[in-house]
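The paragraphs below lead through the structure chain by chain, beginning with conventions and ending with individual helix pairs. Please keep the sequence and the model in view while reading.

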Amino acid sequence: MNTPLPVQPPASVQIRRKRTMRTTLEGITYLLPSLILFSIFLFYPMLRTMYLSVYLTDYQGNPVQFVGIENFVYLLKDVNFLQSVKATLLFVCYTVPTSVFLALCLALMANEKLKGIGLFRTCFSSTMGMSVAASSVIWMFMYNPSIGVINKVLSLFGISDVQWLLDPKIALVSVAISTIWMNTGFTFLILLGGLQNIDPSLYESARIAGVSYLYQLRKVTLPLLSPTLFFVTTVSLIHSFQTFGQIDILTKGGPMDATNVIVYSIYKDAFINYNFGSASAQAVILFFAILVVTFLQFKFGERKVHYQ
Amino acid sequence: MKKGIFTLFAFIFMILAACSNQSDEAATTPSENKEGKTEIVFWHAMSGDLETVLKEIVEEFNKSHSSIEVKPIFQGTYEEALTKFNTVAGTKDAPAIMQTFEVGTKYMIDSGKIQPVQKFIDEENYDIAQWEKNIVNYYTVNGKIYSMPFNSSTPVLIYNKDAFKEAGLDPEKPPMTYGELKEAAKKLTKKQGGQTTQYGFSILNYGWFFEEMLAVQGGLYVNHENGRKENATKAVFNGEEGLRVFDLIRDMYKEGTFYNVGQNWDDMRAAFQSKKIAMYLDSSAGVKTIIDNAPFEVGVSYLPVPDGVERQGVIIGGASLWMTKDISEKQQKAAWEFMKYLSTSEVQAKWHVKTGYFAINPAAYEEEIVKAEWEKYPQLKVTVDQLKQTKSIPATQGALISVFPESRQKVVKAMESLYQGVDPQEALNRAAAETDRALEIANKK
Amino acid sequence: MNVLRTFLLYALLITCSVVMLFPIVYAFLISFMSGAEVLQGHIWPQEFTTANYVAAFRKVPLLEYLLNSFIVSFLVMLGQLIVSSLAAFAFVFLNFKGRDVLFFLCIATMLIPWEATMIPNFLTVQKLGWLNSYLGLTVPFFALAFGIFLLRQHFKTIPLELYEAAQVSGVSHFRFFWNIVLPLSKTSLITLGIYSFLTTWNMYLWPLLVTNNDRVRTVQIGLKQMQTQEISTEWGVVMAAVIVVILPTLLLLFVGQKHLQKGLMQGAIK
C-alpha cells in the first residue's frame, strides 16, 4: 500500500521540483541541436520576414520606409493575389487527396506476398529518386503539344491536340498530375513501411474469422495505419502548399496566372521583381494559412488516429 | 547518464570540424593568387554550348596575359545571378565582373555598386566608334557608357522554306508587312479533318518580342522618351502601335492561322522543327542551331511591320558586362583589360560564329572565319543587316526602367489573355496600369 | 488466394509499374537520340548514340559534381538522422514541461516557406564564413521538422511498457535510446535516411547561392548548366545528364528497399 506522505510536504515538493527540473533539462539537452539550428536558420529568418512585411524595401532588401499594413491591404485587394490564393487552394485539393489515395492503393497491392514483389516496390518508389527539376523537364516534354508523347497517344484515339500547359483551364490540372506522379513514390514508401509494421498475427486472426477483404481493410488495416496516414497527409498538405520547382519549369505561373500559386508569386516578387516587402507579406500570409490548416489537421485529424 | 549524449555531440562537432578544414581550402581567394596574378572573378549566366565557348575565350586570354587570371563562374539564369549579386554586392564575395541581361541595365545603375566603364574609355581614349552603333545606343545612359556590351541579339522572322514552296509561296520572298504575313499564314495553314496540322505563324508569349514589334514601328514602351530623358513614370505601350501588335495576334488566332506556343523557347522551336508552325519569331542567337537541326530548309527575315508603317529597326537584346566598384584599382584595370579583349574583332568573330550572337565590333565581320561561316549560313547575314539598317531613335534605343522583369510578366499575361478572347485594348491597358504601379513603387525607393 | 485474384493483382501491378516508370524510360530513350530527332518528337530512337553522354561529361565536370553531391547528401543524412532522432526521442519518452509547445514550434518550422528564409540564411552563412564549403551546404539542413515528426510517429508505436521496464531496471535514457529505440525503429530511420539523402541530392537553388566554386558544387547545378534559353537546348545531352544524375539515387532506393525488407524481417522475428 502506498500511503501519501502528509508529514513533510515541502520536502516532497522540492524533490519533485528537482526531478522535473532534471527531466526538463534532459529533454532540452536532447532538443538542443534542433532548437539551435531552428532558431538560426528558420525562426530568425521568419521573424525578419515578418519585420520586412511592414516596410517598403530597396533593391537589396533593406527596409527604407515603414508602411504598416499597407502591403497586406494592397494584397487583399489585389486580383492577382486573390488568383494566387485560389490557384493554391485548388492545387492542394487536386494533389493531396489524390496522391495519398493512389499511394495507398499501390502500397496495399505491394504489401501482398507475391513472387517478385520487391521489383514492383522498387518501381513504385522510383519517382522518389527523381529530382523535381529532372522530373519536370521530362513532363514538359511529354506535355509538349507538338512533339509530346501524350498528345501523340491521344491522337491515336482521335482526340485532337490538347494544350496541356497553355490552356488556363487545364494547366493547373496538368501541373497537378505531374506533381502527383512525383509525390507518389515517397508517399508510397512511407505507407508501405506503415503497412509492414502491422503485426501479421492480426491478419491471421482476421483470416481465421473469415472476414472479407474490405472489412479487414476497414477494421484492421486502416485503423492501424492511421498514424502513418495522418503523417503522410499532413506532410503532403504542407509540401503541396509550398510547391515551387515544377511550376517554375512547367508554366512559370502562367497562363494568365492560372498556376501562379502563392509560393511562386513570392519567388517572383522577391527574386525577380525585388519587392521584398510585398513578398514578405505574402510569405507571412502563407505561413499563417498553413498554420491554421495544420492546426485543424492536428486537432481533428489526430483524434481519429489510433496509437498502439 | 548523460555521457552518451555528450559523446554524440562531440562526434557531431568532430564532423563539423572535418568539414571546416575542407572549407579553408575551397574558400574564395583574395585579389591576388599564389602566383602573384591578379585574379578577376567573372560571374556569368552562359550555359550549355555558350559556356563552352566562353571558357575557351577566357582560357586564351589567361594564356596571353601572364599577370591576370580570369575565373569564369556560372551563376544560374540571369535572374538567379542577379539575385545573388544583389546579396553579395559590396562584400568580399562580390565578383569583379558581372554579366547582366539588357533589361537589368537601369537596375544595375541604380544599385550604386558598379563602376561605369566610361572612366576607362576616357582615360585611354578608347575608341567606341568601332562598336556597332545600335549597341552603343542601347548601353549609353545619360551620355555615359556604363557597361561593356557583350552578347547581343535581335529578333528575326524564321520560316520553313519547304512549306512555302508547298503552299505556292516564293521562299525567297518572306512576308514583310502584317498584310503579307496574314496572307502567307492563311496559305500555310493546313487542315486534316477537323484538325490543323500546320499553323501559319506564332510568337512566343514573351515580353521581348512585343517590345520589338513595338519598336520596329517606332512605338515607345514608357514615357520620357522610353525613360532615357528622365525616370519613366508611365507605360505608353498601350497606344496605337501596341494595339496593332495585339490586334494582329488576336485576328490571326481567331482565323486559326496563329498557334499559341506558350512561353517556353524550346517548346516554340520544337513546334517549328516538327512542322507544327511554318513561321515564327526567334532570337538571332538561336538561328544557327535551328538551321542545323531542322529537317527542311530554313529562311530568315526581318520583323514584319504593319502595312503603311515605316520600318524603324530593332532594339538590341542580350547582355553586357559590368565592373563592380568595391575592388582594387589593380583589379579594375585587369577587368578592363579583359573587357577590351572580349571586344576585339578576333574574339568577336569567334563569338559570333560559334554562338550566333552579334559581334559588337563590326570589324569582326571582315574576319575570315565569319566570311566562311556566312558562306555556309547566309541566313546569319540577314540578322546583321537588320541591325545595321536600324535608325537611332528613342524607340529603338529600348526602354530604360528598373522594373522591366515585372512589366514583362504583365505583358505576357496580357498576351495569354488574348487567346481567351479578352479584348486587345483592354488586355494592354491592364498590363500598362500594372506597369504604372510597379514604376510608382520603384520611384519611391 | 485463388489464381484469378493473383492474376488480376499481377496485371494491376504491371500496369501501375508501366505508368510509374514510363517518364523515366522516356527520358532514357531521349538520351540516346540526336538533337534533330528529339525536336521532331520521336519516341524510339532510330539509332542509338552515346554521343550525348560523352558531351554531358565533357561540358561540365560531372564526376566532380557527383562526388560533391554524394558527400553533401551523406553528411546531411547523417546529421538529420542524429538530430531528428534525439529530438523525437525527447518528444515521445521524456516528460517535461513545455514539451507540447516545443513540439508544435518544431512542426511550425515546416510551414515556413523557404523563399522567406533564403536571403537571411545566405547572409548568416556568409557571416559564418561558410560560403564555398560543405558546412554551408549541409549544416542549415541538419534540423528537420519533418524528420522529427516522422520518427515521433514511429517512436509512439513502441510500447510504453518497454520504457517503464527500462526505467525500473535503471537503464539510462541514453542507453535506452541507443540500444532499444533506435534498433526498433530501423525502418523509419532508413526511410528518413533515404529521404534526406534524396532531397539533399536534388537541391538546386541553395547550392547555387552558397557556392562559387566547382570544387564544392553539386550535380543539380550541372544539370542547369546544360540548359539554355536564348539558343536551343540540346535535350539529348540534358536527358543524358538527367539519367546520370538519377542513376545513383535510383540505385540507392533499390538497395535501401532491400535493407528495408531485411529490417522488417528482423522486427517480425523478435
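The model is predicted, and local features are described at pLDDT of at least 70, side-chain atom pairs count only at pLDDT 80 or more, and totals for chains, interfaces and linings use all residues. Residues are numbered from 1 along each chain as its sequence is written, while chains are lettered from A and ligands numbered from 1 in the order in which they are written.

A convenient place to begin is chain B, for which the domain assignment gives domain 1 (38–152 + 317–376) and domain 2 (155–313 + 402–444), the bounds coming from an automatic or database domain assignment. Taken over C-alpha atoms, the centres of domain 1 of chain B and domain 2 of chain B are separated by 29 Å. Across this boundary, 10 residues of domain 1 of chain B are in contact with 10 residues of domain 2 of chain B, where contact requires that the C-beta atoms of two residues, placed from the backbone, lie within 7 Å. On the side of domain 1 of chain B that touches domain 2 of chain B, the largest share, three residues, comes from helix α4 (residues 105–111) of chain B; helices (H or I, at least four residues) and strands (E, at least two) are DSSP runs, numbered from the N terminus. That side divides into four nonpolar, three polar and three charged residues, with Ala, Val, Leu, Ile, Met, Phe, Trp, Tyr, Cys and Pro counted as nonpolar, Asp, Glu, Lys and Arg as charged, and the others, Gly among them, as polar.

Chain A is also assigned two domains, domain 1 (9–66) and domain 2 (79–304), and the C-alpha centres of domain 1 of chain A and domain 2 of chain A lie 32 Å apart. Nine residues of domain 1 of chain A are in contact with seven residues of domain 2 of chain A, and on the domain 1 side α1 and β1 (55–57) of chain A each supply at least two residues. By class, the side of domain 1 of chain A that touches domain 2 of chain A has five nonpolar, four polar and no charged residues.

Within chain A, α4(A) and α7(A) pack at an angle of about 135°, with their axes 7 Å apart; the axes are lines fitted to C-alpha atoms, for helices over the stretch in contact, and angles run from 0 to 180 degrees between N-to-C directions. The two helices, α4(A) and α7(A), are therefore oblique to each other, given that angles under 35 degrees count as roughly parallel, over 145 as roughly antiparallel, 65 to 115 as roughly perpendicular and the rest as oblique. From α4(A) the contact takes A:Arg121, A:Phe124 and A:Ser125, and from α7(A) it takes A:Gly185, A:Phe188, A:Leu189 and A:Leu192. The contact of α4(A) with α7(A) thus comprises four nonpolar, two polar and one charged residues. Elsewhere in chain A, helix α8 (residues 200–209) has 10 residues of which the number buried is zero, so this helix lies largely in the open; a residue is buried if 20 or more other C-beta atoms lie within 10 Å of its own, exposed if 12 or fewer, and partly exposed in between, with C-beta atoms placed from the backbone. Just after α8(A), A:Gly210 takes a positive phi of about 70°.

Chain A also meets chain C, with 75 residues of chain A in contact with 74 residues of chain C. Several helices of chain A each supply at least two residues of the side that touches chain C, including α1 (9–52), α3 (79–110), α7 (171–196) and α12 (276–301), and α1(A) gives the most, with 19 residues. This side of chain A has 46 nonpolar, 25 polar and four charged residues.

Chain C itself has 14 helices and zero strands, and its C-alpha trace spans about 75 × 65 × 30 Å along its principal axes. Buried residues make up 56% of the 270 residues in chain C, and among contacts in chain C between residues at least 6 apart in sequence, 76% join residues at least 24 apart. Helix α8(C) is mostly covered, with 11 of its 11 residues buried. Helix α8 (residues 145–155) of chain C packs with helix α11 (residues 186–201) of chain C at an angle of about 165°, their axes being 10 Å apart, and α8(C) and α11(C) are therefore roughly antiparallel to each other. In this pair, C:Gly147, C:Leu150, C:Leu151 and C:His154 of α8(C) meet C:Ser188, C:Leu192 and C:Ser196 of α11(C), a contact of three nonpolar, four polar and no charged residues.
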